[in-house]
Amino acid sequence: MDHTARNFHAHGGNEWVVGGKLTFLPGATVEGAEGLFDLPPGGGASLPYITESEAATVAALRADFNALLLALREAGLMRESSGDAP
């Protein structure tokens, strides 16, 4: 019977490779992982409250939409244009 381990030590035991599922049981602790599970930049951002649009014209709807895009950018939830966009 052939068996290929998906979780194993590598590089003389200096690295643990996890190719399967890693489960932490209740009460488990992880040491030396400070910052490992921090949110990426913008991950903790929140948007200001934005009311529902009451736009009655296309121009007003466009203004509301652009305000939403600006709020997304300012909260760090959207990157600035790379210049590739038309």
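This report walks through a predicted model of a protein, from its overall layout to a few individual residues.

## The overall picture

Let's start with the broad layout. The protein has 86 residues, and its secondary structure consists of 1 helix and 2 strands. Reading from the N terminus, these elements follow the order β-β-α. The strands are β1, covering residues 7–10, and β2, covering 15–18, while the helix α1 spans 58–74.

How much of the protein counts as buried? The share is 6% of the residues. The accessible surface comes to about 8100 Å², and carbon and sulfur atoms account for 57% of that area. As for contacts between residues at least 6 apart in sequence, 27% of them join residues at least 24 apart.

## How confident is the prediction?

Because this is a predicted model, a look at the confidence scores is helpful. The average pLDDT of the protein is 83, and 85% of the residues score at least 70. Among the elements, α1 has the highest mean pLDDT, at 93, and β1 has the lowest, at 86. A friendly word of caution goes with such scores: where pLDDT is low, the predicted coordinates should not be read in detail.

## The hairpin

Now to the two strands. β1 and β2 run antiparallel and are joined by 4 bridges. Together they form a hairpin, with 4 residues between them. You can follow the pairing residue by residue: N7 has V18 in β2 as its bridge partner, and H9 stands opposite W16.

Which residue in the turn has a positive phi? That residue is H11, with a phi of about 50°. H11 has this positive value although it is not a glycine. H11 sits in the loop between β1 and β2. Is H11 buried or exposed? H11 is exposed, because its relative accessibility is 61%, above the 50% cut-off.

## A nonpolar patch on the surface

Two of the β2 residues just mentioned, W16 and V18, turn up again in a nonpolar surface patch. The patch measures about 780 Å² and also takes in L22, F24, V30, L36 and F37.

F24 is a good member to look at in the model. F24 lies in the loop between β2 and α1. With a relative accessible area of 49%, F24 counts as partly exposed, because values from 20% to 50% fall in that class.

## Where the loop meets the helix

The loop between β2 and α1 also holds E52 and S53. How do these two residues compare with the cut-offs for exposure? E52 has 62% relative accessibility, so E52 counts as exposed. S53 has 40%, so S53 counts as partly exposed.

Each of these residues can be placed relative to another one 12 residues along the chain. For E52, that residue is D64, and their C-alpha atoms are separated by 9.0 Å. For S53, the residue is F65, with 8.7 Å between the C-alpha atoms.

Which residues does S53 touch, leaving aside its neighbours within four places in sequence? S53 is in contact with L61 and D64. D64 therefore appears twice in this part of the model: as a contact of S53, and as the residue whose C-alpha atom is 9.0 Å from that of E52.

Note on methods: Residues numbered from 1 in each chain as written. Predicted model: local features only at pLDDT ≥ 70, side-chain atom pairs only at ≥ 80, totals over all residues. Heavy atoms only, no water. Patch = residues over 30% accessible without salt bridge, like charges linked within 9 Å, V, L, I, M, F, W, Y side chains within 5 Å. Areas by Shrake-Rupley, 256 points an atom, 1.4 Å probe, with all protein chains shown as cover. Salt bridge = Lys/Arg side-chain N within 4 Å of Asp/Glu carboxyl O. Buried < 20%, exposed > 50% of the residue type's maximum accessible area, 1.4 Å probe, protein only. Pairing = 2+ DSSP bridges. pLDDT = per-residue confidence, 0-100. Contact = heavy atoms within 4.5 Å.
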